[in-house]
Amino acid sequence: MEMIFKNFRTFETEFAGRPLIIETGKIAQLANGSCLVRYGDTVVNVAVTAAAKPRDGVDFFPLSVDYEEKMYSIGKIPGSYLKREGRPSEKAILVSRVIDRPIRPLFPKDMRNDVSVVCSVMSVDLDCSPEIAAMVGTSIAISISDIPWNGPISAVSVGMIDGEYVINPTFEQRKVSRMSTTVASTDSRIAMIEAGADRVTDEEMYNAIMAGHEANQKIIEFIKGIQKEIGKEKFSYPSNEPDHDMFDAIFNFACEDVKSALDTDDKTVRDENLKPIYEAVHAKFDEIYPEMEAKIDECMYKTQKTIVRRWLLDEQKRVDGRGMNDMRPLASEVGLLPRVHGTGLFTRGQTQVLTCATLGPVADKQLLDGIDGEEEKRYIHHYNFPSYSVGETKPSRGPGRREIGHGALAERALVPVIPSVEDFPYAIRLVSEVVSSNGSTSQGSICGSTLALMDAGVPIKEPVAGISCGLITEGDRWMTMVDIQGLEDFFGDMDFKVAGTHTGITAIQMDLKISGLTPEMVKEALEKTHKARLYILDEIMLKAIAEPRKELSPYAPKMLTTTINPEKIGDVIGKSGKIIQKIQADCECKIDIEDDGHVFISGLNLDKCNHALQIVETIANDLVPGDVYYGKVTKIMEFGAFVEIVPGKEGLCHISQLDVKRTDKVTDVVSEGDEIMVAVLETDEKGRLNLSRREALIKVNGAVPENDLSEEKPRAPRRSNGSRRFNNKK
């Protein structure tokens with residue numbers, strides 16, 4: 001064994017009270033760097049590889065990160081037809097993005113060698129997050145490899161329970177935590193923040209970020225020790241940085257023209273202004289620098305970037321003329337599409353997002369097949385980014401990682417204000433269509449989602465708005481600006497997105513192009529986004545719609561709900577589902593019954609839904625003598641008629657109980673198929689149901705029996721109790 005794995009090493013430390021064991025030199029030995037991370041019973045294998053030569057024709061660093069969920073890690077066989085893992089789940093894509101964001105800025109910006117990171121989750125202990133294990137493992141694998149990188153980093157998850165911060169909370173702790181904040185750090189700066197929270201204050205969020213940053217330092221020192229002991233020497237690579245003389249020549253030639261072209265608040269005008277400048281630059285420099293068109297374009301990119309950053313840092317000038325804390329023109333509108341249950345259009349400058357809300361029965365909730373213990377969700381948000389939104393021509397190929405990430409961010413931002421299923425028994429789907437994009441579309445989709453939910457009549461706890469904050473740095477100098485547009489995002493160093501209500505923060509996502517932020521930068525970003533989101537809420541969104549509508553759309557399904565004894569579920573469903581299928585067909589509705597006895601009835605016709613509800617409650621509840629029902633005559637006998645009052649419940653109405661007067665033949669009063677009113681007399685010792693049309697006529701119609709002078713006041717049929725109604729009146 002020792003001969004085979006002669007480079008096998010283990011390193012161990014404690015991580016948030018649980019053992020963290022790193023194994024190297026045993027698995028994936030042909031990768032540039034690899035490690036097996038054991039965190040409690042969670043096991044993640046991380047392997048990183050790099051191409052020997054740079055990729056031709058690319059003007060970016062080609063990094064790919066794949067977080068692979070293996071269903072065997074939780075002892076499950078995949079639910080797909082092929083019974084094997086297919087395309088990554090939404091959760092896996094989101095984790096891949098979270099790992100990518102803090103490590104990408106630490107690679108050399110002029111390197112063009114492909115780098116691939118693969119994190120394979122092989123065993124899951126729900127108390128020890130595989131996502132955190134994968135992030136730590138990625139940092140270790142790259143650090144000990146020969147790939148140039150300015151790490152290491154570490155990452156932790158921060159929860160808050162009873163006002164106390166908890167590092168890497170357990171599965172049960174996560175259920176009651178007011179926040180789930182992932183913080184990645186270098187040894188000096190905060191490299192990445194991804195947070196969802198139940199309306200926490202800015203101070204609570206800031207302290208959580210600092211707690212995570214502090215907890216990361218121990219693991220960073222641990223990784224440095226591993227790197228020092230077994231780390232490889234970093235390889236050299238051909239720099240893709242443009243020649244300085246070439247850049248200086250192009251900058252001097254085009255600088256003034258580029259300044260003039262950029263100085264507008266209209267993205268379309270700016271793009272048109274730049275086209276002749278690019279043509280002039282290529283006409284002059286293509287002959288001077290033959291076969292270097294891509295390098296010339298990169299020099300033009302650097303020229304624009306230099307100008308924009310100099311304007312911001314030296315002149316406090318933004319390309320559209322705004323001040324550092326000013327937002328672009330804002331507008332909100334609701335009720336745009338007549339047949340849609342709810343719509344909201346949010347406009348910020350040249351960014352526009354139209355969000356549509358759809359309400360459905362609870363059974364429409366999404367079933368999840370993942371490894372994190374989450375099995376379903378009834379609130380779903382999807383984000384679409386068509387090519388026309390940026391004036392491009394490109395066929396649609398479905399959502400990519402960016403679309404999935406932006407959709408998840410908006411979903412996370414609204415989750416804390418979505419009413420419980422008990423208060424609003426609907427599944428809710430939102431779709432944000434980006435119809436025009438010039439920066440901050442993810443935050444526009446948050447605002448549009450709030451508008452659409454309120455327009456749909458969803459009783460959200462509070463409206464939510466989102467805003468982003470940018471950053472420009474140069475050495476020790478730095479400055480932030482609110483509501484960055486596309487150019488400032490493209491050439492800036494940060495996109496710090498914060499969503500929240502009047503009460504507090506619900507979501508954060510921080511993207512960086514630099515190694516990290518100082519605590520002062522984080523605090524200023526939180527302060528600026530706090531003021532901005534309150535302005536958006538009070539001055540823009542709430543003036544379009546002040547509160548959720550009191551009535552649902554007439555095209556939304558009507559919803560009724562009740563609770564029955566779980567032991568009676570089988571009676572309602574019937575053999576092979578015949579009873580519940582008959583109720584649904586007769587009442588033109590959909591009935592969903594959960595294991596705990598909760599019953600949800602949905603349909604477009606409220607009266608038919610109420611009828612279905614009465615039937616369900618009649619089947620599930622013990623019949624009370626004296627209650628009156630309408631039933632159908634199913635069989636005629638000489639001694640009486642059998643009447644089905646609800647599917648599955650049939651009783652005998654004896655000939656003596658058919659009328660208030662004497663009856664000689666059953667067919668003199670009723671025929672098979674007739675619908676008649678009957679009262680419950682009793683359920684005998686054998687469980688047989690005895691009914692009386694005679695008693696029903698007396699109670700409801702006030703009929704007087706022959707030879708009976710008593711004056712009994714008529715009584716309406718009993719209405720089933722215990723139901724809660726959710727229709728157009730809420």
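There are 12 aromatic pairs in this structure, which is a predicted model. I will go through two of them, then two charges over rings, then the sheet.

The pair of Phe107 and Trp149 is tilted, with 6.1 Å from centre to centre and 45° between the planes. These two residues are 42 apart in the chain and link distant parts of it. Phe107 is in the loop between α1 and β6, while Trp149 is in the loop between α2 and β7. Both Phe107 and Trp149 are buried. Ring pairs also bring in Phe61, giving a cluster of Phe61, Phe107 and Trp149.

Phe490 and Phe491 form another tilted pair, at 5.3 Å centre to centre and 50° between the planes. Phe491 has 2% relative accessibility, so it counts as buried. Phe490 counts as partly exposed because its relative accessibility is 48%.

Now the charges. Arg402 has its charged end over the ring of Phe385, 4.2 Å from the ring centre. Lys284 lies over the face of Phe285, 5.8 Å from the centre of that ring.

Next, the sheet. In general, the strands of a sheet pair through backbone hydrogen bonds, parallel or antiparallel. Here we have an open sheet of eight strands, in the order β8-β7-β9-β10-β21-β20-β18-β19, and the pairing is antiparallel. The edge strands, β8 and β19, each pair on one side only. From one strand to the next, the twist averages 20°.

Take β18 and β20: they pair over seven bridges, in the antiparallel sense. Helix α9, residues 441-456, lies across both strands and runs at about 160° to β18. Helix α11, residues 519-544, also packs on the sheet, and β19 is one of the strands that α11 touches.

Terms used: Residues are numbered from 1 along each chain as its sequence is written. This is a predicted model: local features need pLDDT of at least 70, side-chain atom pairs count only at pLDDT 80 or more; totals for chains, interfaces and linings use all residues. Side-chain values use heavy atoms; hydrogens and water are left out. Two strands pair if DSSP finds at least two bridges between them. Helices (H or I, at least four residues) and strands (E, at least two) are DSSP runs, numbered from the N terminus. Axes are lines fitted to C-alpha atoms, for helices over the stretch in contact, and angles run from 0 to 180 degrees between N-to-C directions. Contact means heavy atoms within 4.5 Å. Rings of Phe, Tyr and Trp (its six-membered ring) pair if their centres lie within 6.5 Å; planes under 30 degrees apart count as stacked, over 60 as edge-to-face and the rest as tilted. Buried means under 20% relative accessible area, exposed over 50%, partly exposed in between (1.4 Å probe, protein chains only). A charge sits over a ring if NZ of Lys or CZ of Arg is within 6 Å of the ring centre and within 35 degrees of the ring normal.
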